[in-house]
Amino acid sequence: MFWFLLITMVVVVAAVTLAVVGGGEGEVLPEVAPEQLVDPLPAARPVDRADVEALRLPVAVRGYRMADVDDVLVRLGAELAERDARIAELEEALAGAAGGDREGDQP
């Protein structure tokens, strides 16, 4: 019984190995192109929270591709800097408008 199970196991392992390797005629598994980031961040409008939450970076052998992560971080950093500048501009205009109203109230 032991020999029968051993021979059966060897035959199954050999069959699976030949099926995976392909037996010599052509490639069984074609070369796969490396996964690249398709930038899902919208170019026509500012990035919002849903865009960032939906962002999925492709995984490389040892984590994430640094170039893809750098591209996304540069884009998000630029948008945050633009928003900060716009907020500062609006706060300055608001402070100027509030200061102008106070001066107009007094004789």
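Tutor: Helices are DSSP runs of H or I with at least four residues, numbered from the N terminus, and that is how the elements of this predicted model are named.

Student: Which helix holds both Glu53 and Arg49, and how many residues apart are they?

Tutor: The side chains of Glu53 and Arg49 form a salt bridge, with the closest N and O atoms 2.7 Å apart. Glu53 is partly exposed at 45% relative accessible area, whereas Arg49 counts as exposed at 67%. About one turn of the helix separates the two, both of which lie in residues 49-54, that is, in helix α2, 4 residues apart.

Student: Is Glu79, the partner of Arg75 in a salt bridge, buried or exposed?

Tutor: Glu79 and Arg75 bring their closest N and O atoms to 3.1 Å, and they sit 4 residues apart in helix α3 (residues 66-105), separated by about one helical turn. A residue counts as buried under 20% relative accessible area; because Glu79 has 14%, the term that applies to Glu79 is buried.

Student: Which residues are linked with Asp48 in a network of salt bridges?

Tutor: One salt bridge joins the side chains of Arg45 and Asp51, at 2.9 Å from N to O. Of this pair, Arg45 is partly exposed, with a relative accessible area of 40%, while Asp51 is buried at 13%. The network that includes Asp48 also links Arg45 and Asp51.

Student: What pattern does the protein chain follow along the sequence?

Tutor: The protein chain has 3 helices and 2 strands, and buried residues make up 8% of its 107 residues. Read along the sequence, the elements follow the pattern α-α-β-β-α.

Technical notes:
Residues are numbered from 1 along each chain as its sequence is written. This is a predicted model: local features need pLDDT of at least 70, side-chain atom pairs count only at pLDDT 80 or more; totals for chains, interfaces and linings use all residues. Side-chain values use heavy atoms; hydrogens and water are left out. Buried means under 20% relative accessible area, exposed over 50%, partly exposed in between (1.4 Å probe, protein chains only). A salt bridge is a side-chain nitrogen of Lys or Arg within 4 Å of a carboxyl oxygen of Asp or Glu.
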